[in-house]
Amino acid sequence: MNLKMLTRALSAVGGAGLLLFAASALAVPESEWRRPWALNLPQGVTSLSEQVYNLHMLVFWIVCIIGLIVFFGVFYSVWKFRKSVGAVPAQWHHSTTVEIIWTVIPFLILLFIAIPATQTMVKIDDTSDYDMTVKVTGYQWMWEYEYLDEDISFFSRLDRDSDRARQRNPEIRPQDVEHYLLNVDNPLVVPVNTRIRFLLTANDVIHAWWVPELGWKKDAIPGFINEAWAEIREPGVYRGQCAELCGRDHGFMPIVVVALEQDDYEAWVDEQVNGNGEAEETAEVADEDNGEVAEQEDMSMDELMSVGERVYGNQCLACHQAEGQGMATFPALAGNDQVIEDREWVKDVIINGVSGTAMQAFGNRLNDEEIAGVVTYIMNAWGNDSGEEVQPADIRAAR
Amino acid sequence: MSSTTHDAHHDHHDHAPPKGMTRWLFTTNHKDLGVLYMVFALIMFFVGGAMAMVIRAELFQPGLNLVDPHFFNQMTTMHALVMIFGAVMPAFTGLANWLIPVQIGAPDMALPRVNNWAFWLLPAGFVLLLLTLFMPGGGPAGGWTMYPPLVLQLGDAFPFLIFAVHVLGISSIMGSINIVATILNMRAPGMTLMKMPLFVWAWLITAFLIVAVMPVLAGAVTMLLTDQYFGTSFFSAAGGGDPVMFQHIFWFFGHPEVYILILPAFGIVSAIIPTFARKPLFGYSSMVYATASIAFLSFIVWGHHMFSVGMPLAGQLFFMYATMLVAVPTGVKIFNWMATMWQGSMTFETPMLFAIAFVILFTIGGLSGVMLALAPVDLQYHDTYFVVAHFHYVLVSGAIFSIMAGVYYWLPKWTGHMYDERLGKWHFWLSMVSVNVLFFPQHFLGLAGMPRRIPDYALQFAEFNMISSIGGFAFGLSQLIFLWVIIKCVRGGEKASDQVWEGAKGLEWTLPSPAPYHTFETPPVVK
Amino acid sequence: MNEQPARPNHTKTVSKLVLLVAGMFAFGFVMVPLYQVFCEVTGFNGFVSTEASTGPVGEANTDRKVTVEFVSTVNQSHPWSFRAAESRMEVQPGRLYTAYFEIENQQSSSSVTQIIPSVAPGAAGRHFHKTECFCFTEQSFAAGETRKMPVTFYVDPALPERTTTLTLSYTLFDLGAGDEPEFDEDAAGLHAGAR
């Protein structure tokens, strides 16, 4: 099996992060819960999520019964006590007994629900006795995962096919993308039957990390740290999304968790850690698989502009605006002399950000091609017409 | 001013209202202002509705991109602000203005000039708010909850948003002070508190809620403003602040606000059901106590909007228990309405249809609220379409259905004409069916994992979203019938009798239809 | 309008209500210090004091081991390197320890930073005391400067038994340079936007 075929098959299962990893990963099944016409919460794959599901079903049936009683009462009255069938109105309007009954009974029902709810809450809150820790950081608009016990950290972004299909006038239709908007380039890989503690924080605004099959969501708040835990019982691919409005691309920062058997996971870790020297190679293979250039070949002006336009739309447009005209505190890029004349400065600002401002550093978030594209785009779009072409190799040199 | 001390009799009056624009601009008459409020609310209902149509159109299919995601966020944010502060609240205030004086036998509101002011601040505030959509960077897009730090990324529109919220807040505080003063000081002789119609009771409690929590919202947004422009860091972690604190302050306002949007609805439904069941309201005093306890509980349940922010266990449990308690008085109300219908003699004119639909659909919204109250499962439901379905059941088929019921119920009193019953029934049935097609599938979407406030979604959600959108368009179109019924009724129609409805009880039905410009200048005596 | 004799006097009602409005407006602001106190008492939201404590009191508990874990985040992805020298320590409650963080300003200009602590689990925050910390004040860094900065702390023996790990999280906020930042004309506004 050549490498390319393997990688393609693997990324169909779990994304590019599994790339150089043993073929056993092919056995990781896709969760069956996500399907069209799905109606209900997942039972999930942790003891916690199952407990949450059971509580959900318990209270669901209780409210259904109460609801049916109310509906029956109303419809029976409507049927029976119509003036058109000669109903004569009674004149009673008070009954202390009845009122006490329908105050006390709902209270008892609530008490009955509160007991399992409290137990479940206590369990969710207990983050002690963990086996490993993953730090999750929310960004506009992607996730970063750091394995505190290993020297592994990476960004996890919307996969390229989804990203292409979600644009206006897309090159491919969403219907043709597998796991449209629910797939990422680098999934979070974790072992099964391991108590994983998640530490959550954010880089810019509040996000929320939610994988329904783990049974909870938790806010990621800039400057603060939150805790949650999960112990996944079955190997599989579990998908989720950001659940707190975090700006323009809130809907485009999915989460993919790949749970592996312990041995497979260790092999993956080994690959990540020992492959550190080849990390960039990994990225390139991933790029190649997604139809981007493998080596640092020069890109044509058209390619640069089209990559740049996409990156601009996803990353820059919310502040600097569609025509680069800027707004309020965000400077205009169109017609900005420094932008047109100083390519080194433009590269520097995009890679390193501007200290003390809202301009973030994109150096570790975008790859060479993307930065090259967006620099070229900014310097040539909206009548900037500098004619400058910045190539991926220039960016690599500037890093 | 016409409120001199001559001996006027309510069914003939020589003080006709002035003609033309100035009548509406400078009016201090509670009926004129009530009408203005309601017309304004109706306009805003269609503005906010148009935004909802944009949202549902974008969500019709995956990958549509009819509008930019940033604009989509502006639509969800503005839809909420317009509907809450522009449609539902002013509609209730309009009903209060028109009805409270005639229900308690007062000649006008306590503070007529304040009343005029309070109203005209509203369009001013909304012009300000809606204009932000045309500013560079667009209007507010961080959700109506305005959570920092996201809201601070807003461009030029930011100070306008804050200022607009201040203006709208001042308007509703002034309106509420007026309502409290009217109810406490201007009741006719014999109209004791426990004889007041429930609509008046509901509004008295609502007005207190508004007076208590609107200033808190004003404080919260003021802190946002100083954080942005004056170097404070109430909500910025970098300066030792905490973004979560904004959520606490906001929801301290926000949860009572939710009840501000529903308590008057309870009052309306409690007026309509006895009329058409021809039987007195069951458990009047328990209705009053239930409303008061719901209002009290609303101050200690705000944390249930924030179960996922990382509260300590004790906090989660406290807010969970307190929230579950809300179900008890709410249940009492629903059972009381059922008991009122039991052994009645019912007819089903449009107001009654809407009131019955209110009882049923509000129950659905209330029961999903019980599910949401449970902190551990809320960690799944939170910020999904399940929540969207829940609060739309409560606010659309709850609050808005009650307003429509109220409009059909009192329209003959206002205009002197019966509305077109056939069109009214069409409006009801189309609304009733479409509102369920619109919102019921959203329960499934939320449980199946669809977060709220997203402009595009995974293919698995396509079917239910399409159904929901179709329901949405149908619901939107159905409301044009409502508009037409109102216009038609104002212009003419069958003459309404003074009592209008066979089973109607209360002071307002002793007045002629249409009610004269000035009423109860000599207070009636209530036995 | 007030000449109507039967007309009741609303002044009293209205002034009470206006007082209530003013009171509630103030209450919104009072919630800020209240919230701080509340967080301090309950450890709500990972609260941890940003003020120096005095040293530990009472006996150190030699039987008990608590793991203190250090994590660091750079807000807004600004070009700083910020990491703990050691990612975790085993500590005995009631004894003083010092941990080091390496902070590097990777920018070509000097810059001021404020580092904000947060502790998980939230409820443990009030049992974590720092006697000395780089997070107490703003820190100024020259261009390219690297510093190793200490935090001296102890864990209160009152820490609940079931808590075996404390995570101390630091977030580095770049407050910009003391001198003029690069976008001259927009500098003031950009500063505001960054917070």
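Start by selecting domain 1 and domain 2 of chain A in this predicted model, whose C-alpha centres lie 41 Å apart. Chain A is divided into domain 1 (47-125), domain 2 (132-289) and domain 3 (301-398), and colouring by these bounds will help at the later stops. Between the pair selected here, 5 residues of domain 1 of chain A are in contact with 6 residues of domain 2 of chain A. On the domain 1 side, helix 2 (residues 47-80) of chain A gives the most, with 4 residues, and by class that side has 3 nonpolar, 2 polar and no charged residues.

Keep helix 2 of chain A selected and add helix 11 of chain B, because the two pack at an angle of about 170°, with their axes 10 Å apart, which makes helix 2 of chain A roughly antiparallel to helix 11 of chain B. To see the contact in detail, show the side chains on the chain A helix, among them Val59(A), Phe60(A), Val63(A), Ile66(A) and Gly67(A), and then those on the chain B helix, including Ile356(B), Val359(B), Ile360(B), Thr363(B) and Ile364(B). By class, this contact has 15 nonpolar, 2 polar and no charged residues.

Now widen the selection to everything that joins the two chains: 82 residues of chain B are in contact with 88 residues of chain A. On the chain B side, the elements that give two or more residues include helix 3 (69-104), helix 7 (243-260), helix 10 (313-341) and helix 11 (350-373) of chain B. Helix 10 of chain B gives the most to this side, with 14 residues, and the residues of the side as a whole divide into 51 nonpolar, 24 polar and 7 charged.

From there, stay in chain B and select helix 3 together with helix 13 (residues 385-415), whose axes come within 11 Å and cross at roughly 30°; that makes helix 3 of chain B roughly parallel to helix 13 of chain B. The crossing of helix 3 of chain B and helix 13 of chain B is left-handed. In helix 3 of chain B, Val88(B), Ala91(B), Leu95(B), Trp98(B) and Leu99(B) meet residues of helix 13 of chain B, including Leu395(B), Ile403(B), Gly406(B), Trp410(B) and Trp414(B). The contact of these two helices has 11 nonpolar, 1 polar and no charged residues.

Return to chain A and show its strands, beginning with an open sheet of 5 strands in the order 3-2-1-5-8, with mixed pairing. Its edge strands are strand 3 (152-156) and strand 8 (226-231) of chain A, each of which pairs on one side only, and the twist averages 25° from one strand to the next. At one end of that order, strand 2 (residues 142-147) and strand 3 of chain A pair in the antiparallel sense over 5 bridges, where Tyr147(A) stands opposite Ile152(A) in strand 3 of chain A.

The last stop is a further open sheet of chain A, in which 5 strands are arranged in the order 4-10-9-6-7 with mixed pairing. Strand 4 (188-191) and strand 7 (216-220) of chain A stand at its edges with a single partner strand each, so one side of each is left without a neighbour in the sheet. Within this sheet, 2 bridges join strand 6 (residues 207-211) of chain A to strand 9 (residues 236-242) of chain A, and these strands run antiparallel; Trp210(A) has Gln241(A), in strand 9 of chain A, as its bridge partner. Finally, add helix 5 (residues 262-274) of chain A, which packs on the sheet and touches strand 4 and strand 10 (255-260) of chain A, its direction making about 135° with that of strand 4 of chain A.

Technical notes
Residues are numbered from 1 along each chain as its sequence is written. Chains are lettered from A and ligands numbered from 1 in the order in which they are written. This is a predicted model: local features need pLDDT of at least 70, side-chain atom pairs count only at pLDDT 80 or more; totals for chains, interfaces and linings use all residues. Domain bounds come from an automatic or database domain assignment. Two residues are in contact if their C-beta atoms, placed from the backbone, lie within 7 Å. Ala, Val, Leu, Ile, Met, Phe, Trp, Tyr, Cys and Pro count as nonpolar, Asp, Glu, Lys and Arg as charged, and the others, Gly among them, as polar. Axes are lines fitted to C-alpha atoms, for helices over the stretch in contact, and angles run from 0 to 180 degrees between N-to-C directions. Angles under 35 degrees count as roughly parallel, over 145 as roughly antiparallel, 65 to 115 as roughly perpendicular and the rest as oblique. A crossing is left-handed if the near helix is turned anticlockwise from the far one by less than a right angle, and right-handed if clockwise. Two strands pair if DSSP finds at least two bridges between them.
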